[in-house]
2 protein chains.
Amino acid sequence: MLSKSQISFIKSLHQKKYRYQNGIFIIEGIKSISEFMRSRYRFHSLYYDPSFFLSLPELPANIRLFEINSVELAKISTLQTPQGILALVYLPEEQEPDIKTLKGHFSLLLDSVQDPGNLGTIIRTADWFGIEHVICSPETVDVYNPKTVQSTMGSLARVSVGYTPLLPLIEAAAMPVFGALLQGQSIYATNWGQEGFILLGNEGHGIEQDLQKKISVPVTIPRIGQAESLNVAISAAIFCSELRRAELNGAC
Amino acid sequence: MLSKSQISFIKSLHQKKYRYQNGIFIIEGIKSISEFMRSRYRFHSLYYDPSFFLSLPELPANIRLFEINSVELAKISTLQTPQGILALVYLPEEQEPDIKTLKGHFSLLLDSVQDPGNLGTIIRTADWFGIEHVICSPETVDVYNPKTVQSTMGSLARVSVGYTPLLPLIEAAAMPVFGALLQGQSIYATNWGQEGFILLGNEGHGIEQDLQKKISVPVTIPRIGQAESLNVAISAAIFCSELRRAELNGAC
């Protein structure tokens, strides 16, 4: 049985302001929760329907457990169809992206991506393709938004996601910047080299002007039909796939 | 000024049952509405904030026009943030996919895709890559769901989308079926030939057993990292991109 103040505390975490004020975010569903338990994230508390007790993974020390019923769960859940189990997890400490760890790899840079589902899907896709770092401009939607967390399908437990102004990062890193633009060279003829940033822009306005100037290789996904643009998560996926194809198959 | 019964009629179209009962669906936003006006779709009526009057494209004959205020628009809109203009459009007549028009091309087959945003994004991506036909199993989410229409970004006006049982279609067409599976040959080494179906499955359960038996080429997007799966719209996009890359670059 949850108290009114517990319920209102958890509901407050649906909003970014209170997530950062309390340093806590919400994850839901047994699969995501299990993946986060195997990660560096630390748990605050767990709220579950008694039928989930046996399927719980080995629990971290000091976690607070609450058996609750479906009415209570519906009150605190961020989902239209709650999944029987919800956890509160501590936000990780904010860390500046360490340029040394980016060297020799490819990372995604997101300039002001606004849709929480797009961000989550990008993180899930990065995880599939073994891209370890997703670095967001400060204007990008919060990665601990419940819709983002949900659409990463557990990949947020593995992919490192940071927020930092992209211009100084690009200048300091001195690595090639492959920018997703409508006028660039064909992605199918791009020589990726050994390291770099894949830069993707906002859903409506693309990549900001100052950042565009930093693009070393403007890259376009050739359009055969008539759509005006691609969804940003789709573009990100095609970039990741092309990059890995070139590595796996050798230059083509 | 809209009457109560007009408002409740339009609101009823938010639900699939009433869309098909009345043969009408909703589109919103000036960009989508303009693209549908240039297409084979026929319009029933248009509801707009007076500030949109000058940006309206040339209007079809017999369309009913209603200037409404933002309070009324909020009542009938399917969006959290209404975009100032909403249209009612007649559902096109249902047509069985014509196998002759599929021959010599690649088409997408969707087996029970459930998420309206995924379906819309797949249609938008198909439009970008010049894939003209998306054919859905009857269990697939309704393409005239407002979220699907919205996420096609106008591409629904151009891509043909049909619903039909996939098994008899595959048998009758006698074309190669490239199935997106977790165990198959690498997509980067696939020989696509000149025509075929790209078959994608449900978000949770993949491709149904009976359909799996019809796959002539099981294809996998190689996984380098640790995510368990890719979002279905992401998989669809990587298939479309690979197909077009092979055509543009020649076999690799």
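A residue is called buried here if 20 or more other C-beta atoms lie within 10 Å of its own. By that criterion five of the five residues of strand S9(A) are buried, so the strand is largely enclosed by the rest of the structure. The model in which this strand sits is a predicted one, and chain A averages a pLDDT of 95, with 99% of the residues scoring at least 70. For the model as a whole the scores are ipTM 0.95 and pTM 0.96.

The enclosure of S9(A) can be followed residue by residue, since both of its faces are covered: A:Gly196, A:Ile198 and A:Leu200 are buried on one side, and A:Phe197 and A:Leu199 are buried on the other. The strand belongs to an open sheet of six strands in chain A, which has the order S7-S6-S5-S9-S8-S10 and parallel pairing. At the edges of this sheet stand strand S7 (160–163) and strand S10 (217–220) of chain A, each with a single partner strand, so one side of each is left without a neighbour in the sheet. Averaged over the sheet, and with direction ignored, neighbouring strands are turned by 35° against each other.

Within that order S9(A) has a partner on either hand, S5(A) and S8(A). Towards S5(A), five bridges join the two strands, which run parallel, and A:Phe106 stands opposite A:Gly196 of S9(A). Towards strand S8 (residues 177–186) of chain A, the pairing with S9 (residues 196–200) of chain A is again in the parallel sense and extends over three bridges. On this side A:Val177 stands opposite A:Phe197 in S9(A), while A:Gly179 has A:Leu199 as its bridge partner. A helix also packs on the sheet, namely H10 (residues 232–249) of chain A, which touches strand S5 (106–110), S8 and S9 of chain A and whose direction makes about 155° with that of S9(A).

A contrasting environment is found at A:Glu139, in the loop between strand S6 (133–136) and helix H7 (146–151) of chain A. This residue counts as partly exposed because it has 15 C-beta neighbours inside 10 Å, a number that falls short of the 20 required for a buried residue. A:Glu139 is 65 residues apart in sequence from A:Gly204, and the two lie 14 Å apart in space, C-alpha to C-alpha.

The description can now be widened to the pair of chains. Chain B is superposed on chain A by a rotation of 180° with 0.0 Å of shift along its axis, at an RMSD of 0.0 Å. That is the relation of a two-fold axis. The same surface serves both copies, in that 100% of the contact residues of chain B recur in chain A.

Where the chains meet, 31 residues of chain B are in contact with 31 residues of chain A. On the side of chain B that touches chain A, helix H6 (116–128) and helix H10 (232–249) of chain B each supply at least two residues. The largest share of that side, nine residues, comes from H10(B). Sorted by class, the side of chain B that touches chain A has 15 nonpolar, 10 polar and six charged residues.

Technical notes:
Residues numbered from 1 in each chain as written. Chains lettered and ligands numbered in written order. Predicted model: local features only at pLDDT ≥ 70, side-chain atom pairs only at ≥ 80, totals over all residues. Least-squares fit on C-alpha atoms with pLDDT ≥ 70 in both. Contact = placed C-beta atoms within 7 Å. Pairing = 2+ DSSP bridges. Helix = DSSP H or I, 4+ residues; strand = E, 2+ residues; numbered from the N terminus. Axes fitted to C-alpha atoms, helices over the stretch in contact; angles between N-to-C directions. Nonpolar A, V, L, I, M, F, W, Y, C, P; charged D, E, K, R; others polar. pLDDT = per-residue confidence, 0-100. Buried ≥ 20, exposed ≤ 12 C-beta atoms within 10 Å, placed from the backbone.
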